[in-house]
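The notes below are meant to be read beside the coordinates. They take the overall fold before the strand pairing, and end with the backbone geometry that deserves a second look.

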Amino acid sequence: MSAQSWDLRSRKRSIGTLFCIEIDQPWFRCEFTSGEGWEEVGCLFAAQATATDSGDQEALMHAISAVRNLEPELHPREGKEIIKPVVIQIRGDKANFRY
């Protein structure tokens, strides 16, 4: 069985690809490779990481909401189930999500 991988999309535009490294329930830990749409949305994920690190709950809720407003979807490279993550975090070449 090959490792799971997904195309991360926002409103049908590719943001990048996630390759599953491990599953630590409820989190999926992945490697991330940016795609064509990353330049437009990368700042939202960076703001979410900064808010997480700061411990500022109001900033974190705002940042999570901004990422959710992208309506992110994970389209499997193999298989049919499209995942709509509850939370997705991307830092550099690493990504975590849960659904």
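1. In the hairpin formed by strand 1 and strand 2, where two residues lie between the strands, Arg 11 adopts a positive phi near 50 degrees. The model is a predicted one, and this backbone value should be read with that in mind. Arg 11 is not a glycine, although its phi is positive at about 50 degrees, and its place is in the loop between strand 1 and strand 2.

2. As for the fold as a whole, the secondary structure of the protein amounts to two helices and six strands, and these elements follow one another along the sequence in the pattern β-β-β-α-α-β-β-β. The C-alpha trace spans about 40 × 30 × 20 Å along its principal axes. Because a compact globule with 99 residues would have a radius of gyration near 13 Å, the value of 13 Å found for the protein agrees with that expectation.

3. On packing and surface, buried residues make up 39% of the 99 residues. Of the contacts in the protein with a separation of 6 or more, 43% are between residues 24 or more positions apart. The protein exposes about 6,200 Å², and carbon and sulfur atoms supply 48% of that area. With regard to charge, the mean positions of the 12 positive and 15 negative charges are 5 Å apart.

4. Strand 1, which covers residues 5-10, is mostly covered, with five of its six residues buried. Strand 1 runs antiparallel to strand 2 (residues 13-24), to which six bridges join it, and Arg 9 has Ser 14 as its bridge partner in strand 2. Strand 1 also runs antiparallel to strand 4 (residues 72-76), here with five bridges, and in that pairing the bridge partner of Ser 10 is Pro 72 of strand 4.

5. Strand 2 is joined to strand 3 by eight bridges, again in the antiparallel sense, and the bridge partner of Cys 20 in strand 3 is Cys 30. The connection between strand 2 and strand 3 is a hairpin through two residues. Strand 3 in turn pairs with strand 6 (residues 94-98) over four bridges, with the two strands antiparallel, and there the bridge partner of Glu 31 is Lys 94 of strand 6.

6. Where does the cis peptide bond of this model lie, and what is its omega? A cis bond joins Gln 25 and Pro 26, with omega at about 5 degrees, and Pro 26 is placed in the loop between strand 2 and strand 3 (27-34). A positive phi also occurs at Glu 71, a residue other than glycine, where the value is near 55 degrees; Glu 71 is found in the loop between helix 2 (57-68) and strand 4. As background for these sites, most residues other than glycine have a negative phi, and most peptide bonds are trans.

7. To draw the pairing together, strand 1 has antiparallel bridges to strand 2 and to strand 4, while strand 3 has antiparallel bridges to strand 2 and to strand 6. The positive phi of Arg 11 belongs to the hairpin of strand 1 and strand 2, whereas Pro 26, on the cis bond with Gln 25, sits in the loop between strand 2 and strand 3.

How values were computed
Residues are numbered from 1 along each chain as its sequence is written. This is a predicted model: local features need pLDDT of at least 70, side-chain atom pairs count only at pLDDT 80 or more; totals for chains, interfaces and linings use all residues. Side-chain values use heavy atoms; hydrogens and water are left out. Buried means under 20% relative accessible area, exposed over 50%, partly exposed in between (1.4 Å probe, protein chains only). Two strands pair if DSSP finds at least two bridges between them. The radius of gyration is taken over C-alpha atoms; the globule rule is 2.2 Å times the number of residues to the power 0.38. Contact means heavy atoms within 4.5 Å. Accessible areas come from the Shrake-Rupley method with a 1.4 Å probe; for residues, only the protein chains shown count as cover. Lys and Arg count as positive and Asp and Glu as negative; His and the chain ends are not counted. The place of a charge is taken as NZ of Lys, CZ of Arg, CG of Asp or CD of Glu.
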